[in-house]
Amino acid sequence: MTFTIISRALIIYAIVLFILRVMGKRQVGTMQPYELVITLIIADLATIPMADTALPLIHGIIPLLVLCCVHFLLGFLERKSILLRKFINGKPVILITPEGVDYGKLKECNMNFNDLQDALRETGYFNFSEVLYAILQSNGKLSVLPRSNEAPIKPKDMGIEAEQASLPIIILTKGKLIKENIIYTKVDENFLKKQFKKAGFESFKDIMVATISSDGTMYVQGRTGKFQTLESDFSGSW
Amino acid sequence: MRRGIYILIITVFLLTLAIFEYVAVVNILNTMKESVSNIRQQYYENAANITVLKDDVTEIKDYWLDRESAICLMFNHKDLDDISNTLTKLVIYTENNDYYNASVEVGLLDEYMKHSDHKMSFSIHNIL
């Protein structure tokens with residue numbers, strides 16, 4: 001019986017994993033209502049046939065697969081029709097306008113002033129007066145547009161031409177080069193060896209993690225000691 | 001595109017299951033239902049000496065056991081066990097010419113079969 005339950009657990013796990021992969025990569029906080037409902041049901045459905053060996057495994061698998069198809073169908077309909085999108089997902093609600101908090105909308109969303117303040121604080125604003133617009137998205141997240149004099153200063157506001165940020169890519173972990181990323185970054189292995197040698201690392205094995213940015217900046221951390229930032233003449237195209 | 005293919009595979013899988021259930025499982029249950037109904041009648045007719053039905057009832061039991069593994073894909077295992085146990089008891093009571101207990105078991109079996117048919121069907125009662 002133990003092996004039966006173990007096998008069932010593994011099969012259900014594989015199926016749920018497959019279904020969640022097919023469903024996409026949205027996280028709980030960014031799920032639309034229908035996605036959250038399906039995820040909750042899936043979690044419950046998966047556990048029933050896992051433990052109850054009297055139930056055929058297929059009785060658990062069929063609803064999971066059906067829900068996966070329903071999810072796909074709803075996603076498709078949501079993309080195709082604005083009307084259905086509003087019906088399935090609901091629509092964003094403006095809770096704070098330039099005139100202040102809209103209490104009617106707040107009540108509609110089953111929220112109170114404390115809830116709104118909590119949500120605002122999570123976005124970094126502690127006072128209603130700092131906010132020009134606060135919009136409760138259909139996935140439950142609050143988006144805030146601050147008043148101009150409360151917004152964080154950007155280099156553009158100061159008339160500064162900032163350098164474009166570059167994305168660091170991991171090229172080596174635990175002494176092993178990540179081939180896929182080496183190909184993507186088009187960085188030469190000999191070039192890396194030279195750079196690492198300059199930083200005091202005799203071989204790749206001495207390095208725990210290394211990243212490279214398109215502007216040639218490298219982050220290198222050995223198996224012991226503090227990390228180092230290396231500047232190089234490498235120029236990437238990503 | 002890839003997701004579409006997955007959904008297509010899932011749909012084909014579900015349809016195959018539905019067809020399998022309809023063709024194989026329902027077919028087996030119908031055959032069983034018919035056999036049990038016939039044998040029930042024969043028990044009434046041979047009440048004085050039911051041992052003559054031993055081969056017939058063993059045949060039904062063998063038919064069931066041969067197909068049980070296929071049905072267990074779709075059917076609650078506990079229900080299948082109930083039917084197997086009832087068939088086993090029926091064979092033993094028949095061998096011992098115990099008409100009273102045999103008639104109870106064959107009656108139960110008949111009910112199980114009718115009930116399973118009802119369970120498998122697509123109806124508003126089952127949905128609700």
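**Figure 1. D110(B) is a buried acidic partner in chain B of this predicted model**. The relative accessible area of D110(B) is 5%, so the residue falls under the 20% limit for burial. Its side chain meets that of R40(B) in a salt bridge, with 2.8 Å from N to O. This pair links distant parts of the chain. R40(B) sits in helix 1 of chain B, residues 2-45. D110(B) sits in helix 4 of chain B, residues 99-120. The two residues are 70 residues apart. R40(B) counts as partly exposed, at 21% relative accessibility.

**Figure 2. K114(B) also pairs with D110(B)**. The side chains of K114(B) and D110(B) form a salt bridge at 3.8 Å, N to O. Both residues belong to helix 4 of chain B. They are 4 residues apart, about one turn of the helix. K114(B) has a relative accessibility of 43% and counts as partly exposed. Through shared partners, salt bridges join R40(B), D110(B) and K114(B) into one network. The view therefore takes in a buried residue, D110(B), together with the partly exposed R40(B) and the partly exposed K114(B).

**Figure 3. Chain B is built from helices, with 5 helices and 0 strands**. From the N terminus, its elements run α-α-α-α-α. The chain has 128 residues, and 33% of them count as buried. Take the contacts in chain B between residues at least 6 apart in sequence: 68% of these join residues at least 24 apart. The R40(B)–D110(B) salt bridge links residues 70 apart. The accessible surface of chain B comes to about 7700 Å². Carbon and sulfur atoms hold 57% of that surface.

**Figure 4. A salt bridge links helix 7 and helix 8 of chain A**. The side chains of E189(A) and K179(A) meet at 3.2 Å, N to O. E189(A) lies in helix 8, residues 189-198, and K179(A) in helix 7, residues 179-185, so the pair ties together parts 10 residues apart in sequence. E189(A) is partly exposed, at 30% relative accessibility. K179(A) is exposed, with a relative accessible area of 52%. Over all chains, the structure holds 4 salt bridges.

**Figure 5. Helix 2 and helix 3 of chain A pack at an angle of about 170°**. Their axes are 9 Å apart. Because the angle is over 145 degrees, the two helices count as roughly antiparallel. Helix 2 spans residues 33-51. Residues it brings to the contact include Y34(A), I38(A), I41(A), I42(A) and L45(A). Helix 3 answers with residues including L64(A), L67(A), V70(A), H71(A) and L74(A). By class, this contact has 12 nonpolar, 3 polar and 2 charged residues. E35(A) in helix 2 and E78(A) in helix 3 are among the residues that meet here.

**Figure 6. Helix 3 and helix 4 of chain A pack at an angle of about 130°**. Helix 3 covers residues 57-80 and helix 4 residues 82-89. Their axes are 6 Å apart. The two helices are therefore oblique to each other. From helix 3, the contact takes in L74(A), L77(A), E78(A), R79(A) and K80(A). From helix 4, it takes in I82(A), L84(A), R85(A), I88(A) and N89(A). The classes are 5 nonpolar, 1 polar and 4 charged residues.

**Figure 7. I88(A) of helix 4 in chain A is a buried residue**. Its relative accessible area is 17%. Beyond residues up to four places away in sequence, I88(A) touches P33(A), Y34(A) and L74(A). The C-alpha atoms of I88(A) and Y34(A) are 6.9 Å apart. Along the chain, I88(A) and Y34(A) are separated by 54 residues. Y34(A) belongs to helix 2 and L74(A) to helix 3. L74(A) takes part in the contact of helix 3 with helix 2, and also in that of helix 3 with helix 4.

**Figure 8. Chain A holds 8 helices and 9 strands**. Of its 238 residues, 35% count as buried. Among contacts in chain A with a separation of 6 or more, 50% come from residues 24 or more positions apart. The accessible surface of chain A is about 15300 Å². Carbon and sulfur atoms account for 59% of the surface.

Note on methods
Residues are numbered from 1 along each chain as its sequence is written. Chains are lettered from A and ligands numbered from 1 in the order in which they are written. This is a predicted model: local features need pLDDT of at least 70, side-chain atom pairs count only at pLDDT 80 or more; totals for chains, interfaces and linings use all residues. Side-chain values use heavy atoms; hydrogens and water are left out. Buried means under 20% relative accessible area, exposed over 50%, partly exposed in between (1.4 Å probe, protein chains only). Contact means heavy atoms within 4.5 Å. Accessible areas come from the Shrake-Rupley method with a 1.4 Å probe; for residues, only the protein chains shown count as cover. Axes are lines fitted to C-alpha atoms, for helices over the stretch in contact, and angles run from 0 to 180 degrees between N-to-C directions. Angles under 35 degrees count as roughly parallel, over 145 as roughly antiparallel, 65 to 115 as roughly perpendicular and the rest as oblique. Ala, Val, Leu, Ile, Met, Phe, Trp, Tyr, Cys and Pro count as nonpolar, Asp, Glu, Lys and Arg as charged, and the others, Gly among them, as polar.
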